[in-house]
Amino acid sequence: MSTEDKIKYTEDTLDLDGKQEYTITVYAENRIGLLNRIAIIFSKRKINIESLNSSASEIDGIHRFNIVIHEGYEVVRKLARQIEKQIEVLKVYFNTNEEIIWQELALYKVSTDEIAEKVTVERLLRQYGASAVVIRKDYTVFAVTGHREETDALVKALEPYELIEFVRSARVAIIKDSAGFHEKLKEFEAEDPGEELVENEFLEKGEKIFTM
């Protein structure tokens, strides 16, 4: 939803303080210093960023930020409006987990000997849909995509079997009820069309204009 829209509360995802997980999606020009200014907006309000991802969007030259926080609706709404005030920012949306499709990537480094010797480990990896990225004599790296609860569950399951390293990416998310930001750009153009390009009639004449 955009900053002007009302949100649909989902009672079972709210904690005692009325907070829940929100994903803030920011469409902006990719300019130096913007990410720092956005981070300052959160730090000034003492709000912890759970996850932050920046990537190219479907529109050339426009970047997309996915920011995950755990807060109440009013706080998130005000944050979104504050971010929209940044000159490079084109539009900000904020959504609950029920309103987006999201994934995170996790990598697990496990002892190759443990996998070869214990059928339980191989079964666990298959159960969680893990795929081998690198296989070496001393270790194997597996990749899993899914929600945080799923990747965390595999960490706990692998702890007794020499889990050497674990790392998880930031969230990537797509809004379910969205036609894509290019449609929003069309709306912007309709509301505030740019000035018509006027051709300079003297541009190609060069010395003919200024020769005495």
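K109 forms a salt bridge with E165, and the closest N and O atoms sit 2.9 Å apart. That pair ties together distant parts of the chain: K109 belongs to strand β5 (residues 100-111) and E165 to strand β8 (residues 163-168), 56 residues apart. K109 has 19% relative accessibility, so it counts as buried, the cut-off being under 20%. E165, at 45% relative accessibility, counts as partly exposed. Bear in mind that this is a predicted model.

**More salt bridges**

How many salt bridges does a search of the whole structure find? The search comes back with 14. As background, side chains of opposite charge can pair when their charged atoms come close.

Take R148 and E21 next: they form a salt bridge with their closest N and O atoms 3.4 Å apart. Here too the pair links distant parts of the chain, with R148 in helix α5 (residues 148-158) and E21 in strand β1 (residues 20-29), 127 residues apart. Both R148 and E21 are buried.

Then there is R37 with E88, whose side chains meet in a salt bridge at 2.7 Å, N to O. R37 is in helix α1, while E88 is in the loop between α2 and β4 (89-96), and the two are 51 residues apart in the chain. Are R37 and E88 buried or partly exposed? R37 has 28% relative accessibility and therefore counts as partly exposed. E88 has a relative accessible area of 8%, so it is buried.

Here are the three pairs side by side:

| Pair | N to O distance | Separation in the chain |
|---|---|---|
| K109 and E165 | 2.9 Å | 56 residues |
| R148 and E21 | 3.4 Å | 127 residues |
| R37 and E88 | 2.7 Å | 51 residues |

Some salt bridges share partners, and in that way E21, E104, R148, D152, R168 and R171 are joined into one network. Two members of that network, R148 and E21, are the buried pair described above.

**Around T151**

Helix α5, which holds R148, also holds T151. With a relative accessible area of 0%, T151 is buried. Which residues does T151 touch, not counting residues up to four places away in sequence? With those left out, T151 touches A106, Y108, V144, F166 and R168. R168 turns up again here, having already appeared in the salt-bridge network.

**How the helices pack**

Helix α5 also packs against helix α4 (residues 119-127), at an angle of about 180° and with the axes 11 Å apart. Angles over 145 degrees count as roughly antiparallel, so α4 is roughly antiparallel to α5. On the α4 side, V121, L124 and L125 meet L154, A157 and L158 of α5. The residues of this contact divide into six nonpolar, no polar and no charged.

A second packing pair is helix α1 (residues 34-44) with helix α2 (residues 73-84). Their angle is about 150° and their axes are 10 Å apart. The two helices are therefore roughly antiparallel to each other, and their crossing is right-handed. From α1, the contact draws on I38, I41 and F42; from α2, on L79, Q82 and I83. What is the split into nonpolar, polar and charged residues in the contact of α1 with α2? It comes to five nonpolar, one polar and no charged.

**Two backbone oddities**

K46 has a positive phi of about 55° although it is not a glycine. K46 is found in the loop between α1 and β2 (51-56). Its relative accessible area is 77%, so K46 is exposed.

E162 also has a positive phi of about 55°, again without being a glycine. E162 lies in the loop between α5 and β8. At 47% relative accessibility, E162 counts as partly exposed.

**The overall picture**

Zooming out, the secondary structure of the protein comes to seven helices and nine strands. Of its 212 residues, 39% count as buried. Looking at contacts between residues at least 6 apart in sequence, 76% join residues at least 24 apart. The salt bridge between R148 and E21, 127 residues apart, is one example of a link between distant parts of the chain.

Note on methods. Residues numbered from 1 in each chain as written. Predicted model: local features only at pLDDT ≥ 70, side-chain atom pairs only at ≥ 80, totals over all residues. Heavy atoms only, no water. Axes fitted to C-alpha atoms, helices over the stretch in contact; angles between N-to-C directions. Helix = DSSP H or I, 4+ residues; strand = E, 2+ residues; numbered from the N terminus. Parallel < 35°, antiparallel > 145°, perpendicular 65-115°, else oblique. Left-handed = near helix turned anticlockwise from the far one by under 90°. Contact = heavy atoms within 4.5 Å. Nonpolar A, V, L, I, M, F, W, Y, C, P; charged D, E, K, R; others polar. Salt bridge = Lys/Arg side-chain N within 4 Å of Asp/Glu carboxyl O. Buried < 20%, exposed > 50% of the residue type's maximum accessible area, 1.4 Å probe, protein only.
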